[in-house]
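Dear colleague,

I am passing on the structure we spoke about, and below it I have set down what was found. Please read the notes with the model open beside them.

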Amino acid sequence: MALGGSLGDVAAVIITVAVLCTIGMLVWPLIRALARRLESGGRNGELQGELDTLRDRLQQLEQGQARVAELEERVDFAERLLAQGREPDRLGAEGGHRA
């Protein structure tokens with residue numbers, strides 16, 4: 001067992017190291033992209049939760065707007081009823097002044 005080896009063995013080791021370094025340099029960006037995607041999986045869960053909360057809030061606001069519109073209609077109806085109730089009194093009082 002000689003430690004020096006032949007020139008062909010040294011060249012084979014150098015070529016192998018060069019090939020492994022090249023493969024590593026080519027694969028490293030892919031590994032980083034995969035790691036970022038895996039890390040953002042937790043953030044997507046947080047974003048989904050926040051989005052669900054905002055959707056619930058929007059639904060509550062839309063229901064509130066519908067209720068306000070219904071209340072406006074009721075107020076308008078009540079005002080018309082009150083105005084009709086006052087008209088005969090107003091006509092009677094005005095008629096009394098004219099005569």
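**What was found**

Buried residues make up 0% of the 99 residues in the protein chain, and I should say at once that this is a predicted model. The secondary structure of the chain comes to 1 helix and 0 strands, the helix being α1, which covers residues 7–98. The protein chain exposes about 9,300 Å², of which carbon and sulfur atoms supply 63%.

Two patches on the surface deserve a look. One of them is nonpolar and is formed by I15, V19, L20, I23, L26, V27, W28, L30 and I31, which together have about 910 Å² of accessible area; W28, one of these residues, has its place in helix α1. The other is a patch of negative charge, where E72, E73, D76 and E79 gather. Of these, E79 is found in helix α1, and it counts as partly exposed because its relative accessibility is 49%, while the exposed class requires over 50%.

As for charge pairing, side chains of opposite charge can pair when their charged atoms come close. A search of the whole structure finds 1 salt bridge, and in it the side chains of E70 and R74 meet at 2.9 Å, N to O. Both E70 and R74 lie in helix α1, 4 residues apart, which is about one turn of the helix. The two partners fall into separate accessibility classes: E70 is partly exposed, with a relative accessible area of 40%, whereas R74, with a relative accessible area of 53%, is exposed.

With best regards

Methods
Residues numbered from 1 in each chain as written. Predicted model: local features only at pLDDT ≥ 70, side-chain atom pairs only at ≥ 80, totals over all residues. Heavy atoms only, no water. Patch = residues over 30% accessible without salt bridge, like charges linked within 9 Å, V, L, I, M, F, W, Y side chains within 5 Å. Areas by Shrake-Rupley, 256 points an atom, 1.4 Å probe, with all protein chains shown as cover. Salt bridge = Lys/Arg side-chain N within 4 Å of Asp/Glu carboxyl O. Lys, Arg positive; Asp, Glu negative; His and termini not counted. Charge placed at Lys NZ, Arg CZ, Asp CG, Glu CD. Helix = DSSP H or I, 4+ residues; strand = E, 2+ residues; numbered from the N terminus. Buried < 20%, exposed > 50% of the residue type's maximum accessible area, 1.4 Å probe, protein only.
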